[in-house]
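Here are a few exercises to work through with the model open in front of you. Try each task before you read its solution.

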Amino acid sequence: MGTVFDVSGNTAYAPEGAYNIFAGKDASRALALSSLKAEDCRPEWEDLADKEKQVLNDWFTFFSKRYNIVGKVRR
């Protein structure tokens, strides 16, 4: 189950923002890979190496400290 964070107050996720590629979708794989490629913005991350899974966990911690959780996504 994924976590939905409210990043609406951060202009970096707005249409012209540097991280708009992540807005409105599960970008777990892209975050784990430190990628801004549209094709990497997808929920599948289970096949990644442990190092990349740790990067994803670090991102979760980062978002958890800065943004409110507004929902959960079930697959």
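**Exercise 1.** Find the backbone atom that a polar atom of the Ser35 side chain lies 3.0 Å from.

*Solution.* Keep in mind that this is a predicted model. Start at the side chain of Ser35 and pick out its polar atom: the backbone nitrogen of Lys37 sits 3.0 Å away from it. Next, look for a side-chain partner. Asp40 provides one, with a polar contact of 2.6 Å between its side chain and that of Ser35.

**Exercise 2.** Work out where Ser35 sits along the chain, and whether Ser35 is buried or exposed.

*Solution.* First, place the residue: Ser35 belongs to the loop that links α1 (28-33) and α2 (50-66). Then check its relative accessibility, which is 10%. Buried means under 20%, so Ser35 counts as buried at 10%. Finally, see what surrounds it: setting aside neighbours within four places in sequence, Ser35 touches Phe22, Ala30 and Asp40.

**Exercise 3.** Now zoom out and describe the whole protein: which elements does it have, and in what order?

*Solution.* Count the elements and you get two helices and two strands. Following the sequence, they come as β-α-α-β. The radius of gyration is 12 Å, close to the 11 Å that the globule rule gives for 75 residues, so the protein is as compact as a globular protein of that length. As for burial, 25% of the 75 residues are buried. Last, look at contacts with a separation of 6 or more: 47% of them join residues 24 or more positions apart.

Terms used
Residues are numbered from 1 along each chain as its sequence is written. This is a predicted model: local features need pLDDT of at least 70, side-chain atom pairs count only at pLDDT 80 or more; totals for chains, interfaces and linings use all residues. Side-chain values use heavy atoms; hydrogens and water are left out. Helices (H or I, at least four residues) and strands (E, at least two) are DSSP runs, numbered from the N terminus. The radius of gyration is taken over C-alpha atoms; the globule rule is 2.2 Å times the number of residues to the power 0.38. Buried means under 20% relative accessible area, exposed over 50%, partly exposed in between (1.4 Å probe, protein chains only). Contact means heavy atoms within 4.5 Å. A polar contact is a pair of N or O atoms within 3.5 Å; within protein, one must be able to donate a hydrogen and the other to accept it, and residues adjacent in sequence count only if both atoms are side-chain atoms.
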